[in-house]
Amino acid sequence: MAWYRQPVAWLGVAVLAASLAGCVWLIVLGLRHADEPVATDGVIFKVPVTRSAPPRP
């Protein structure tokens with residue numbers, strides 16, 4: 001029996017195609033709606049955004 005007569009093979013092809021199409025759709029959607037920068041006071045989740053100067057020996 002040929003591979004193209006196997007329903008499981010077509011199901012695998014359909015799942016692969018749907019997941020690839022979903023990935024492309026999410027990338028396009030992400031490019032259309034870019035994130036706006038969040039205003040912070042230099043600290044996010046109690047972690048400083050910039051690195052402080054190393055201590056002098």
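Reader: Hey, quick one to start: what share of the 57 residues in the protein is buried?

Author: Buried residues come to 0% of the 57. Keep in mind that this is a predicted model.

Reader: Huh, okay. And how sure is the predictor, what's the average pLDDT?

Author: The average pLDDT is 89, and 100% of the residues score at least 70.

Reader: Where is confidence lowest, and where is it highest?

Author: Confidence bottoms out in β1, with a mean of 84, and peaks in α1, with 96.

Reader: You keep saying α1 and β1. How many helices and strands does the secondary structure have?

Author: There's one helix and there are two strands. Going along the sequence, the order is α-β-β. The helix α1 covers 7-32, while β1 is 43-44 and β2 is 47-48.

Reader: Back to the overall shape. What's the radius of gyration, and what would a compact globule have?

Author: The protein has 24 Å, whereas a compact globule of 57 residues would be near 10 Å. The C-alpha trace spans about 75 × 35 × 15 Å along its principal axes.

Reader: Can you give me two residues to look at, like R5 and L20? How far apart are they in space?

Author: Their C-alpha atoms are 23 Å apart, with their positions 15 residues apart in sequence. You can try H33 and R5 too: those are 28 residues apart along the chain, and their C-alpha atoms are separated by 42 Å.

Reader: Where do R5 and H33 sit?

Author: R5 is in the segment before α1, and H33 is in the loop between α1 and β1.

Reader: Is R5 buried or exposed?

Author: Exposed, because its relative accessible area is 60%, and the cut-off for exposed is over 50%. H33 also counts as exposed, with 56%.

Reader: What about Y4, how does that one count?

Author: Y4 counts as partly exposed, because its relative accessibility is 48%. Partly exposed covers what falls between under 20% and over 50%. You'll find Y4 in the segment before α1.

Reader: New topic, the surface. How much area does the protein expose?

Author: About 6000 Å², and carbon and sulfur atoms supply 69% of it.

Reader: Which residues make a nonpolar patch on it?

Author: W3, Y4, W10 and V13 make one of about 490 Å². So the Y4 you just asked about, partly exposed at 48%, is one of the residues in that patch.

Reader: Cool. Now the strands: which residue in the loop between β1 and β2 should I click on?

Author: F45 is one to click on, as its place is in that loop. K46 has its place in the loop between β1 and β2 as well.

Reader: What's the phi of F45?

Author: It's near 55°, a positive value in a residue other than glycine. K46 isn't a glycine either, and its phi is positive at about 65°.

Reader: And are those two buried or exposed?

Author: F45 is exposed, with a relative accessible area of 79%. K46 is exposed too, with 82%.

Key
Residues numbered from 1 in each chain as written. Predicted model: local features only at pLDDT ≥ 70, side-chain atom pairs only at ≥ 80, totals over all residues. Heavy atoms only, no water. Helix = DSSP H or I, 4+ residues; strand = E, 2+ residues; numbered from the N terminus. Rg over C-alpha atoms; globule rule 2.2 N^0.38 Å. Buried < 20%, exposed > 50% of the residue type's maximum accessible area, 1.4 Å probe, protein only. Areas by Shrake-Rupley, 256 points an atom, 1.4 Å probe, with all protein chains shown as cover. Patch = residues over 30% accessible without salt bridge, like charges linked within 9 Å, V, L, I, M, F, W, Y side chains within 5 Å. Salt bridge = Lys/Arg side-chain N within 4 Å of Asp/Glu carboxyl O. pLDDT = per-residue confidence, 0-100.
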